[in-house]
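Hi everyone, thanks for making time this morning. I'd like to walk you through a structure that will be new to most of you, so please have a look at it on the screen while I talk.

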Amino acid sequence: MSVEIEERKLRRVLSELEEARGEWIDEVLVAVGRLPHGHEFIADELFDRVSECPGDARAMGAALRRAASLGLVENTGRFQKSGRVGCHANLIAVWRRTDAA
């Protein structure tokens, strides 16, 4: 196959992955919106409420930053050990659901 064909295939796959990731982030935002106001949580809780992340699970960080920019959550400045096996008990941020709509 030519390099051009391979590049087009790669661009299509990357585009599909980005679209799937965007839909997944929207799913995370809906899950955040369902949390009670004032509820404190870590990303692990959201992973339990949404489908498997397409691509890299670090996309949860992008989803939470988006939620924060929309005023749905705020970072508490505290950290807690993750219970997810792939995180190896690393410290992750504790978030709080805000009173914003």
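Let's start with the sheet. What you see here is a predicted model, and in it three strands form an open sheet, in the order β1-β3-β2, with antiparallel pairing. The edges are taken by β1, residues 40-41, and β2, residues 73-81; each has a single partner strand, so one side of each is left without a neighbour in the sheet.

If you follow the pairing of β2 with β3, you can count six bridges, running in the antiparallel sense. To pick out one of them, find Q80 and look across to β3, where its bridge partner is I92. Keep I92 in mind, please, as we'll meet it again.

Now to the core. How many residues does the largest nonpolar core have? The count is 25, and the residues with the most contacts inside this core are W24, V28, F41, L46, M60, L64 and V73. At least two core residues come from each of α1 (3-33), α2 (43-47), α3 (59-69) and β3 (91-97). Among these, α1 gives the most, with six residues. As general background, nonpolar side chains in soluble globular proteins tend to be buried together.

Let me zoom in on L64. Leaving aside residues up to four places away in sequence, L64 touches F41, A43, L46, V73 and W95.

Next, the pocket. The largest one holds about 250 Å³ of space. Its lining is made by 14 residues, and the closest to the centre are A43, M60, G61, L64 and I92. So here is I92 again, the bridge partner of Q80, and L64 too, which we just saw among the core residues with the most contacts.

Which elements give two or more residues to this lining? They are α2, α3 and β3, and α3 gives the most, with four residues. By class, the lining has nine nonpolar residues, four charged ones and one polar one.

One last stop: T98, in the segment after β3. Is T98 buried or exposed? Its relative accessibility is 14%, and because buried means under 20%, T98 counts as buried. Again setting aside residues up to four places away in sequence, the contacts of T98 are H37, G71, L72, V73 and E74. V73 also belongs to the core residues with the most contacts, and β2 starts there, as its range is 73-81.

That's my tour. Thanks for listening, and I'm happy to take questions.

Definitions and conventions
Residues are numbered from 1 along each chain as its sequence is written. This is a predicted model: local features need pLDDT of at least 70, side-chain atom pairs count only at pLDDT 80 or more; totals for chains, interfaces and linings use all residues. Side-chain values use heavy atoms; hydrogens and water are left out. A nonpolar core is a set of buried Ala, Val, Leu, Ile, Met, Phe, Trp, Tyr and Cys residues joined through side-chain atoms within 4.5 Å. Buried means under 20% relative accessible area, exposed over 50%, partly exposed in between (1.4 Å probe, protein chains only). Contact means heavy atoms within 4.5 Å. On a 1 Å grid over the protein atoms alone, a cavity is a set of points where a 1.4 Å probe fits but cannot get out, and a pocket is an open set with protein on both sides within 12 Å along at least five of seven lines; lining residues have an atom within 4 Å of a point. Grid points are joined across faces, edges and corners, and a volume is the space filled by probe spheres set on the points. Ala, Val, Leu, Ile, Met, Phe, Trp, Tyr, Cys and Pro count as nonpolar, Asp, Glu, Lys and Arg as charged, and the others, Gly among them, as polar. Two strands pair if DSSP finds at least two bridges between them.
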